Amino acid sequence: MSPLCGCCGEYIHKLNQQVSVMRKEIKNLRQMLDSAVRAHRKHMTSIQSAVSKMALREPDHKKDQPQPPPSPAPSQAALEQGNIQTVPIGHISSCFSMKNGTPRQPTICGPSRAELRIQQSVFNNPEHALMGLEHYSHVWIIFLFHKNGHLSYKAKVKPPRLDGQRVGVYATRSPHRPNALGLTLAKLDKIIGDTLHLSDIDMISGTPVLDIKPYIPEYDSPNARMGMDSEPCDLNTDQPQATTLSLNDSTGILNIHKTSETDDQSGDVGSLLSRDIFEAGVPVTDSPIVSAQSSHFTNLHNVLEEVKACVTQGDLCQLSCEREDQLSDSPKTKPPESTVDHPCYGEEAYSTIAGWIREPPVGGLEVRFTVHAKRELAEFLPTHLSGPSESDRPRFKFLRSPEEAAAAIRGVLSADPRSVYRRTRCRDRLFFFTLDTADITCWFGRGFAEVLQVRPVEQHTASM
């Protein structure tokens, strides 16, 4: 029985290996099938568009015949269905020419710079489309991840900062997405003609740009909504309203009432404010406006005038919009669920993010430079400096100085640009990336990254 059992065990082991190989093959076939289906859909869309254009070109002898009622244009029908063909408005020319070492987020490398020139195929006068954009300091850039290498994507991904943990693709900024669209916030340095000069970017040179939108904090940032002044919160009346402040001499409680000019009775907002203040137990004596000498309620009228000067219309709206259940002894850390999705001016704005964004499992790295690397980096010249005696020295195209280049290198390496596989399984500690016109060679140790060599791109290419 023992030899038979040994043979059976070996046979079962081989079967398990074959099953594992077959599963991997099936997985690869599924990915290939998904890619083929998406490519087929794109081809069918282009064929339908071509057929529609040919159908619009009718022979001359059919022009005199009665025509059926006009149907919606193909472009309009495709737009209503969400099937459109995007056309880049321009391509990025940046200091990052390779995926390796390109920042994953725009704020990682502040000195990074780029240029975006609007194509004349989109607008006959591209500078007209940029008119007025110079008034904004930042712009949203919508682009295409053209260096993904494939069109496949997964529902769960492994962000590098999570060190191998899986999370939904829509909870990350992974480039491998269903439509491979990217969004970044770039600083707008200047506009010259049809070209935008940008900084704080995270895009590779040659990236197709689909659209540009100005960044408006009052609309794009929840925190900025708190500072916007709003009209009176009573939306049921258009009559001008007045605020009445009174101080109770015996209790030291500030009463706030809101009345209309045509009505002497206190409105709902005034009643709510008074009730909220009484239930919250906010005496005027606890306010920093009232000094310690006001404990005996002296100079009450002077105190009242100071309070009137400090209470603004925005404060009144914020008080009136708060609910009774929000007033408690403990500090307010999270709003009710009903107010998260419906922010309004005058209310406190809330924004939450995943905890691993601020405290990722993978921490930042210390960046060091060898003496040799510092000397090589100091040989580079900025673009605006030129001279006959310095023609043989390497020159930056985007970066303004060796110090700015060193800051950019620190920004890239401190965020650990390696993938999870390279960080955990690869024995080779060397890392190469290109920044502007310099090839950077470094290596990673435990908690640090050290720059070993900074060579011009031309010398590296010539040696290859």
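Buried means under 20% relative accessible area, and partly exposed lies between that and 50%. Keep this cut-off at hand for the exercises below, which work on a predicted model.

**Exercise 1.** Decide whether Asp416 and Arg418 are buried or exposed, and find what links them.

*Solution.* Start with Asp416: its relative accessibility is 2%, so it counts as buried. Next, Arg418 comes to 7%, and it is therefore buried too. Now look at the side chains: Arg418 and Asp416 form a salt bridge, with the closest N and O atoms 2.9 Å apart. Finally, follow the shared partners: salt bridges join Asp163, Asp416, Arg418 and Arg423 into one network. As a backbone detail, Asp416 sits just after α11 and has a positive phi of about 55°.

**Exercise 2.** Check whether the length of helix α11 agrees with its number of residues.

*Solution.* Helix α11 covers residues 402-414, which makes 13 residues. The expected span is 1.5 Å times one less than that number, so it should be 18 Å. The end C-alpha atoms are 18 Å apart, which agrees. For its surroundings, note that the buried residues of α11, including Ile409 and Leu413, pack against elements such as β2, α10 and β14.

**Exercise 3.** Find the salt bridge partner of Glu379 and say how exposed each of the two residues is.

*Solution.* The partner is Arg393, with the closest N and O atoms 3.8 Å apart. Both residues lie in the loop between α10 and α11, 14 residues apart. Glu379 has a relative accessible area of 39%, so it is partly exposed. Arg393, at 26%, is therefore partly exposed as well.

Conventions. Residues numbered from 1 in each chain as written. Predicted model: local features only at pLDDT ≥ 70, side-chain atom pairs only at ≥ 80, totals over all residues. Heavy atoms only, no water. Helix = DSSP H or I, 4+ residues; strand = E, 2+ residues; numbered from the N terminus. Buried < 20%, exposed > 50% of the residue type's maximum accessible area, 1.4 Å probe, protein only. Contact = heavy atoms within 4.5 Å. Salt bridge = Lys/Arg side-chain N within 4 Å of Asp/Glu carboxyl O.
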